[in-house]
Amino acid sequence: MFISISTTGTAERPASDLGFLLHKHPDKVQRFSTSHGVAHVFYPETGTESCTAAMLLDVDPIALVRKGRGKGRGGSPDFALAQYVNDRPYAASSLLAVALRTVFRTAMKGVCEQRPGLAEQSRPLRIALPAVPANGAGEEGGSAMVRRLFEPLGWQVVATAIPLDEAFPEWGDSRYVRVELSAEVRLADALQQLYVLLPVLDGAKHYWVAPDEVDKLLAAGEGWLGAHPELALITRRYLARRWSLTRAALERLELARLAEADDREAEEVDNAVDDTPDTDDTPHTDEAADQRADHPTADQEPKTVSLGVRRREAILAALTEVGAARVLDLGCGQGELVEALLKDVRVTEVLGVDVSSRALTAAARKLRLDRMSERQAARVRLVQGALTYTDDRLKGYDAAVLSEVIEHLDLPRLPALEYAVFGAAQPGAVVVTTPNVEYNVRWETLPAGQVRHSDHRFEWTRSEFLAWAERIAADYGYSVTVRPVGPLDGEVGAPTQLALFRRTSAAAAAAAAAVSTASVSEAAVSTASASEATEGSAA
């Protein structure tokens with residue numbers, strides 16, 4: 001199994017710097033033990049103008065069989081001879097990828113202590129792989145797959161199919177290709193991409209794919225994998241088509257993308273599931289606040305129905321009032337409202353959206369999606385997404401619900417959500433619930449001035465919420481009614497306030513959305529989001 005890495009240079013930037021980058025001396029032949037053989041590193045040429053480093057991996061096929069406990073390539077039992085006579089010692093695969101990581105570990109990290117700054121520089125690289133398995137396995141393989149994987153990363157690809165037997169051309173081509181890659185790129189990036197994509201091309205791995213492979217994939221794919229047009233294919237094949245691992249990897253990549261778009265840490269975004277136990281003395285969760293709403297003071301008789309249940313009942317009543325059959329639950333959390341919606345036979349479709357992959361996993365578990373009948377499962381989907389960006393998946397629904405969501409956004413980001421829901425998605429009705437901050441004084445366990453949840457960015461009075469709702473209705477072509485939810489106090493109102501928006505007409509909504517695009521831009525929304533908004537209103 002063979003790979004060569006070549007570069008060119010000048011007197012100012014000599015090609016022999018490749019030795020510093022790889023941490024392997026050009027004047028020596030070095031030998032390294034790997035998990036399935038011996039890797040030899042040497043330099044066929046070295047000089048100022050050109051330099052080539054090569055690695056020859058000598059795989060022991062007998063040791064490979066013994067370590068695999070008698071299993072053949074890809075972990076599947078083969079007939080006896082194929083365990084020993086196969087392509088593993090010759091064709092670049094996961095064996096070569098592991099050897100690259102073992103031998104060039106420091107180079108893959110982009111570290112070069114002897115020449116600070118050298119590893120950060122891009123340089124012309126040419127990578128040659130004499131034999132690469134490009135197994136389609138139900139997908140287009142061969143040279144086409146090599147181009148699909150490497151060209152989006154900026155590589156110029158020359159992939160030549162290897163015939164089954166040159167003496168008998170009528171037999172056609174094998175599944176192996178000869179590959180040459182050329183690009184101006186950092187060496188560390190090139191090695192990371194090879195580490196991921198060689199097993200993807202092969203479509204099999206020589207070892208058991210455990211959950212820690214997700215971490216390896218995301219670490220090696222940092223900075224390039226999330227934007228790759230073949231992201232799903234790469235993830236699926238790298239993780240040996242293990243669906244649970246593939247889903248976990250894709251969710252983490254999407255979360256990282258959404259967090260980067262909002263200039264926040266992933267942990268800040270993925271906070272819909274609170275691991276801290278709730279107590280009446282620590283008002284840090286919405287659910288804890290719901291429970292306290294039923295015990296405003298110690299001398300009052302406790303209620304039997306929690307505020308969370310009352311809020312869901314009020315939302316369901318509003319949806320029944322507008323006759324909604326296809327419903328969006330925006331910021332669905334752990335799926336309490338989705339579960340309630342599925343119990344209503346009049347609701348034919350529910351789309352739950354949340355930025356938190358942990359919340360979506362908890363919701364799927366709560367709803368028992370894996371055990372649902374086919375007919376019931378067809379009524380519900382859970383997807384990851386940020387509500388501050390326009391999303392075509394949200395269009396065409398009868399109603400959308402924002403239950404205890406808006407108060408979790410920084411106020412400068414609120415106009416982006418307003419446009420994404422009311423201006424771009426334009427559901428027939430929108431139900432919004434949010435805390436009434438005036439009611440907080442009725443909770444003895446809630447310190448003065450403290451919000452009900454540690455993640456709340458604001459909590460509105462009744463007059464503030466009404467003013468916001470009326471402005472939204474006027475801006476986007478909706479009518480609105482505001483009503484209380486929960487025990488009503490004559491002085492401070494109810495703990496929750498609900499606004500029911502109804503779209504007055506499609507024409508009015510479209511015209512209002514076009515006018516609102518400018519205000520979204522002025523509210524410090526990202527350029528990309530504003531661009532999407534303009535396109536949506538023009539459509």
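**Close-up views of a predicted model**

**View 1. Helices α6 and α8 cross with their axes within 8 Å of each other, at roughly 80°.** This view, like the others here, comes from a predicted model. The crossing angle makes α6 roughly perpendicular to α8, since angles of 65 to 115 degrees count as such. On the α6 side, the contact is made by Tyr-195, Val-196, Leu-197, Val-200, Leu-201 and Asp-202. Helix α8 brings Leu-233, Ile-234, Arg-237 and Tyr-238 to meet them. Sorted by character, the residues of this contact come out as eight nonpolar, two charged and no polar.

**View 2. Seven strands form an open sheet with antiparallel pairing.** Reading across the sheet, you will meet the strands in the order β2-β3-β4-β1-β5-β7-β6. The edges belong to β2 (30-34) and β6 (156-163). Each of these two strands has a single partner, so one side of each is left without a neighbour in the sheet. From one strand to the next, the twist averages 15°.

**View 3. Strands β1 and β4 pair in the antiparallel sense.** Here we look at residues 2-8 of β1 beside residues 50-59 of β4, joined over seven bridges. To find your place along the pair, start from Ser-6: its bridge partner in β4 is Thr-52.

**View 4. Helices α5 and α6 both pack on the sheet.** Helix α5 (residues 142-150) touches β6 and β7 (173-185). The direction of α5 makes about 160° with that of β6, an angle that counts as roughly antiparallel because it is over 145. Helix α6 (residues 187-202) touches β1, β5 (123-133) and β7. Its direction makes about 15° with that of β5, and this counts as roughly parallel because it is under 35 degrees. Strand β7 is thus touched by α5 and also by α6.

**View 5. Ala-240 has a positive phi, near 55°, in a residue other than glycine.** You will find Ala-240 in the loop between α8 (231-238) and α9 (243-261). Ala-240 is partly exposed, with a relative accessible area of 36%.

**View 6. Glu-404 also shows a positive phi, of about 55°, although it is not a glycine.** Its place is the loop that runs between β11 (399-403) and α16 (414-425). Is Glu-404 buried or exposed? With a relative accessibility of 10%, Glu-404 counts as buried, because the cut-off for that label is under 20%. Ala-240, by contrast, is partly exposed.

Key:
Residues numbered from 1 in each chain as written. Predicted model: local features only at pLDDT ≥ 70, side-chain atom pairs only at ≥ 80, totals over all residues. Heavy atoms only, no water. Pairing = 2+ DSSP bridges. Helix = DSSP H or I, 4+ residues; strand = E, 2+ residues; numbered from the N terminus. Axes fitted to C-alpha atoms, helices over the stretch in contact; angles between N-to-C directions. Contact = heavy atoms within 4.5 Å. Buried < 20%, exposed > 50% of the residue type's maximum accessible area, 1.4 Å probe, protein only. Nonpolar A, V, L, I, M, F, W, Y, C, P; charged D, E, K, R; others polar.
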